[in-house]
Structures are given as structure tokens and as C-alpha cells.
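Please open the model in your viewer and keep the sequence panel beside it. Each stop below tells you what to select and then what is there.

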Amino acid sequence: MAAAVLCKEELRKILRSDRKNYYTVPALNEVLYLHQKGYRRLESLEEFTGLKALHAETNAFDKIEGLQNCSRLRSLYLQENCIRKVENLDHLTDLQCLNLSDNFIERIENLSTNGELKTLLIRRNQIGANGIQDLEHLVLLKSLTVLDLSDNKVDCPELITDILPQLPALKVLYLQGNPVVRKIPNYRKTVINTLKALKYLDDRPVFPEDRRCAEAFARGGVTEERNELKKIREEKEAINLRNRTAFLKLIEEAQRQGRETRSMRLEDRLAGDFQVVIIFHSVPT
């Protein structure tokens with residue numbers, strides 16, 4: 001059976017098949033779904049000048065191409081294809097999210113003009129197979145906040161010590177499944193201490209307590225970390241004590257106000273009864 005071809009007629013069929021989500025005029029569409037179609041080439045998109053999100057995952061593309069007129073793209077999903085090189089994206093200056101996971105890419109490159117790129121997902125490729133040069137381009141992505149490099153071939157500790165510290169906005173990092181994780185002593189503590197803005201690493205968040213412990217370990221090893229843990233426990237106990245004390249004060253204040261309210265109501269009731277008695281006795285017989 002012949003492979004599906006992404007031609008203009010095929011695109012017209014896609015637009016006509018879903019009138020709720022698509023306009024028949026290509027330029028008016030901001031989102032286009034081309035996933036799981038078995039296309040071999042990304043092409044015939046010249047008329048889709050208004051696209052902001054393109055979902056083209058799970059096809060058979062071996063090259064990034066055909067996006068010359070899609071200069072407004074912000075999100076591009078090309079995971080699960082056969083792509084071997086990051087290329088032909090230099091004109092996408094508004095690009096914020098790029099997913100290239102599950103391809104055959106060996107090097108991060110050709111993204112220097114994508115200054116708005118915030119999310120780069122490139123797991124399960126061949127990144128790092130040629131050494132640190134596969135990763136050096138990352139230092140140019142100053143806006144990057146989310147980076148998924150998990151399950152690649154990264155084996156260079158210099159990624160942590162030299163490259164990633166130059167990404168001031170990086171908050172989420174996935175590195176699990178790379179040889180480098182086993183090469184870095186005290187991996188999680190080292191990465192947290194090195195990357196000051198990090199909020200999430202691999203399988204779980206980086207809490208403020210985690211950062212304090214990592215920094216303490218970097219200062220003085222296990223002993224300093226234990227001392228920091230003790231301080232954290234004492235601080236939590238002090239906070240709990242203050243909260244309990246404040247809560248008890250609130251209860252006492254509520255009880256006091258309740259007693260005063262009941263006392264005032266009783267006084268008002270007694271005063272009312274006294275006035276009734278006076279009026280009763282003052283009525284002439």
C-alpha cells in the first residue's frame with residue numbers, strides 16, 4: 001500500500017472533514033492536526049500562513065521542512081518521526097514549544113534565532129553520542145524554562161557544570177535515563193545546588209527544603225546536611241506551635257465574645273422585663 005502523501009488535496013479533505021474546528025480557507029486556521037497519518041514528507045503548507053500550532057507527530061518525516069510560510073508558529077509537535085537533524089526553523093521567531101522526542105537526532109543545533117523558545121522536548125534521541133558538542137548549542141537558548149533530555153546518550157558532566165548554569169530561566173529539567181546521571185556523585189543534590197532556579201527535576205518537584213539540604217551538603221557534606229535538616233524540623237515545629245497558639249487565641253476570643261453577647265442579651269431581657277413590671281404597676285385601677 002502506497003504511503004499517504006501530504007498534498008493540497010489531502011489538506012482540503014482534512015479541513016472539510018471537521019467544519020467545527022477548521023475553516024475551509026487555510027490561512028484562517030491557527031491549529032492543524034496531521035498526526036498519525038503516515039506521511040513521509042512535511043509539505044504543501046504554503047497557504048497556512050496563520051498557523052500557531054502544528055501537530056504532526058507519529059508520521060514518517062525524516063526531515064523538518066515545508067514550514068517556510070508558517071512564520072507565526074508558536075508550538076510545533078514533531079515527536080515520533082524519523083527526523084535526524086534540527087533544521088529549517090530559523091524563521092520561526094515566535095516559536096515557544098518544540099517537541100522532537102522519539103526521533104534520531106544526535107545534536108541540538110540551528111535554534112539560535114528562536115529566542116522565544118521556552119520548552120524543548122527532545123527525549124529518546126541520540127543526543128550526546130558525539131560528546132559535549134552535541135549540547136553546546138543550548139547556551140544560546142536563554143529563554144528556555146523546560147528541557148527534556150531524558151533517555152538520550154548524554155555522558156558529559158560538563159552539561160551540569162558548564163552549560164545548564166548559563167540558562168537563567170531553566171525551571172524544569174529531565175535527565176533521567178542518561179549515563180551522566182550515574183557519573184555525577186550525589187546527582188540530585190549536585191544538580192539542585194548548581195541550577196539555582198530549578199523547580200522540578202526528573203520525577204519530582206524541588207521543594208525549598210530540598211534546596212536548603214542540597215546547599216548544606218555542598219557546604220559541608222552529610223554533617224552539614226543533617227544540621228540543616230534539624231533546623232528545618234525545628235522551624236516547622238515552631239511554625240506549628242505558633243499556629244496552634246494563634247488558633248487557641250482565636251477560640252478564646254470567640255468564646256469571650258460569645259459570653260459578652262449572651263450577657264448583653266440577658267441584660268437587655270432583664271431590662272425589658274423590669275420596664276414591663278413598672279408599666280404594669282403604674283396602670284391606674
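**A patch on the surface**

Begin by selecting Phe 247, Leu 248, Leu 250 and Ile 251, which together make a nonpolar surface patch of about 410 Å². A patch of this kind is made of residues with over 30% relative accessible area and no salt bridge, like charges being joined within 9 Å and nonpolar side chains (Val, Leu, Ile, Met, Phe, Trp, Tyr) within 5 Å; the areas come from the Shrake-Rupley method with a 1.4 Å probe, and for residues only the protein chains shown count as cover. Leu 248 lies in helix H5, residues 208-282, where helices (H or I, at least four residues) and strands (E, at least two) are DSSP runs numbered from the N terminus.

Before moving on, note that this is a predicted model, in which local features need pLDDT of at least 70 and side-chain atom pairs count only at pLDDT 80 or more, while totals for chains, interfaces and linings use all residues. Residues are numbered from 1 along each chain as its sequence is written, and side-chain values use heavy atoms, with hydrogens and water left out.

**Salt bridges along helix H5**

Stay on helix H5 and select Glu 253, Arg 256 and Glu 260. A salt bridge (a side-chain nitrogen of Lys or Arg within 4 Å of a carboxyl oxygen of Asp or Glu) joins Glu 253 to Arg 256, with the closest N and O atoms 2.3 Å apart. Arg 256 also forms a salt bridge with Glu 260, where the closest N and O atoms are 2.4 Å apart. Glu 253 and Arg 256 are 3 residues apart, whereas Arg 256 and Glu 260 are 4 residues apart, and each of these spacings is about one turn of the helix.

Next select Arg 212, Arg 219, Glu 224 and Glu 228, which are linked in a network of salt bridges. In the whole structure, a search finds 19 salt bridges.

**Helix H1**

Now select Arg 12 and Glu 9, whose side chains meet in a salt bridge at 3.0 Å, N to O. Both residues lie in helix H1, 3 residues apart. Arg 12 is partly exposed at 40% relative accessibility, and Glu 9 is partly exposed at 33%; here buried means under 20% relative accessible area, exposed over 50%, and partly exposed in between (1.4 Å probe, protein chains only).

**The nonpolar core**

Which residues touch the most other members of the largest nonpolar core? Select Leu 32, Leu 34, Leu 54, Leu 67 and Leu 138, which do so among its 61 residues. Such a core is a set of buried Ala, Val, Leu, Ile, Met, Phe, Trp, Tyr and Cys residues joined through side-chain atoms within 4.5 Å. If you then centre the view on Leu 54, its contacts (heavy atoms within 4.5 Å) beyond four places in sequence include Leu 42, Leu 73, Ser 75 and Tyr 77.

**The cysteines**

Finish by selecting Cys 7 and Cys 70. The sulfur of Cys 70 is 16 Å from the closest cysteine sulfur, in Cys 7, so the two are too far apart for a bond, and with a disulfide taken as a pair of cysteine sulfur atoms within 2.5 Å, the count comes to 0 disulfides. Cys 70 is buried, with a relative accessible area of 1%, while Cys 7 is partly exposed at 32%.

The last selection is Cys 82, in the loop between strand E3 (75-77) and strand E4 (97-99), where Cys 82 touches residues including Phe 61, Asp 62 and Phe 104.
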